[in-house]
Amino acid sequence: MLTAALGLVALCGSALAQTSSTYTDPDNGIVFEGYTDQNVTVGFALPPINVDNEFLGEIIAPVTQQWVGIALGGTMLDNLLLVAWPYGENVVYSPRYATSYTLPTLYDGPVITSLVGTYVNETYWKWVFRCQNCTTWEGGSLNTTSTSATVYWVSSNVTVEDPASANSSFTKHNDGASWDENFVAAQQGLYWNWF
Ligand SMILES: *[C@@H]1O[C@H](CO)[C@@H](O)[C@H](O)[C@H]1NC(C)=O
Ligand SMILES: *[C@@H]1O[C@H](CO)[C@@H](O)[C@H](O)[C@H]1NC(C)=O
Ligand SMILES: *[C@@H]1O[C@H](CO)[C@@H](O)[C@H](O)[C@H]1NC(C)=O
Ligand SMILES: *[C@@H]1O[C@H](CO)[C@@H](O)[C@H](O)[C@H]1NC(C)=O
Ligand SMILES: *[C@@H]1O[C@H](CO)[C@@H](O)[C@H](O)[C@H]1NC(C)=O
Ligand SMILES: *[C@@H]1O[C@H](CO)[C@@H](O)[C@H](O)[C@H]1NC(C)=O
């Protein structure tokens with residue numbers, strides 16, 4: 001499933017470093033460290049001292065992106081994948097895991113809460129969330145000490161099969177991008193005030 005994304009990266013060229021930057025979400029005041037490509041933004045905010053195994057995140061995507069998934073460790077396999085899609089006025093989210101390039105299955109462990117700033121409007125959908133028990137997973141972890149950790153998002157313009165269900169199946173992604181996330185810059189002293 002990641003082949004298409006890898007192809008895109010190759011097209012973009014490795015000479016251009018796609019690096020994260022700091023921005024404030026106007027809908028909730030959270031300061032995210034994130035990256036925007038093709039009008040898809042993915043951001044992270046981490047606690048100032050990283051012992052809590054959690055982070056805040058967001059996905060902002062045009063409504064033409066029918067689902068977006070984030071590969072927290074930068075590859076599809078053996079990684080915590082966070083997939084989300086718009087459903088009416090809400091966003092359905094689904095932690096997934098894959099050990100082969102097939103539909104990732106539901107993954108138990110993460111405790112996820114949607115936060116203020118989550119909505120669907122005429123042009124965009126937006127998911128803001130707290131993800132607890134999310135920086136380590138079976139066989140891997142979020143490199144919270146890295147200033148340039150590769151993170152991917154992938155997406156599709158094809159709607160998921162059963163949008164009401166977090167366990168919905170969906171077809172292979174046909175869009176995506178990677179970037180270098182600065183997880184050190186993502187650490188925020190105000191973290192605990194934001195939810
Ligand atoms: C991003 O959004 C702008 C403004 O709505 C639009 O003109 C542009 O075509 C969009 N680009 C992509 C890649 O979706
Ligand atoms: C945290 O997630 C892991 C899977 O990554 C799971 O095995 C574990 O039970 C979870 N811990 C808690 C306290 O929920
Ligand atoms: C829809 O949401 C997007 C993403 O937050 C925002 O940029 C845009 O201004 C919103 N559109 C309207 C009409 O509020
Ligand atoms: C995490 O990032 C640090 C700093 O870039 C690096 O030294 C370390 O090897 C990385 N750890 C893993 C498991 O990739
Ligand atoms: C999705 O995008 C592909 C490639 O641009 C296009 O051929 C296809 O018709 C689109 N599908 C939908 C459901 O919009
Ligand atoms: C999710 O869907 C798969 C495939 O349809 C099924 O095998 C599995 O039992 C479902 N899991 C849950 C928790 O409903």
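How far is an oxygen atom of ligand 2 from an N or O atom in the side chain of Asn133? The separation is 2.3 Å, and I will come back to the rest of that site in a moment.

First, the ground rules. What we have is a predicted model, in which local features need pLDDT of at least 70 and side-chain atom pairs count only at pLDDT 80 or more, while totals for chains, interfaces and linings use all residues. Residues are numbered from 1 along each chain as its sequence is written, chains are lettered from A and ligands numbered from 1 in the order in which they are written, and side-chain values use heavy atoms, with hydrogens and water left out.

Back to ligand 2, then. Tyr107, Asp108, Gly109, Asn133, Thr136 and Trp137 surround this ligand, where a residue counts as near if one of its heavy atoms lies within 4 Å. Besides Asn133, the side chain of Tyr107 places an N or O atom 2.5 Å from an oxygen atom of the ligand. Ligand 2 exposes 370 Å² when taken alone, and the protein buries 40% of that, by the Shrake-Rupley method with a 1.4 Å probe.

Ligand 3 has its own shell, made up of Ile60, Tyr119, Asn121, Thr123, Tyr124 and Lys126. Here a polar side-chain atom of Tyr119 lies 2.7 Å from a ligand oxygen, and the side chain of Asn121 has an N or O atom 2.3 Å from an oxygen atom of ligand 3. Alone, ligand 3 exposes 360 Å², of which the protein buries 44%.

Turning to the interior, the largest nonpolar core has 32 residues, and Phe44, Phe55, Leu72, Leu82 and Trp127 touch the most other members. Such a core is a set of buried Ala, Val, Leu, Ile, Met, Phe, Trp, Tyr and Cys residues joined through side-chain atoms within 4.5 Å, buried meaning under 20% relative accessible area, exposed over 50%, and partly exposed in between (1.4 Å probe, protein chains only). Its largest share, four residues, comes from β11, strands being DSSP runs of E with at least two residues, numbered from the N terminus. A second, separate core of nine residues includes Ile30, Val31, Phe32 and Leu115.

Finally, consider Thr75, in the loop between β5 and β6. Is this residue buried or exposed? Thr75 counts as partly exposed, because its relative accessibility is 39%. The Thr75 side chain reaches the backbone oxygen of Leu77 at 3.3 Å, and a polar contact (a donor and acceptor pair of N or O atoms within 3.5 Å) of 2.8 Å joins the side chains of Thr75 and Asn79.
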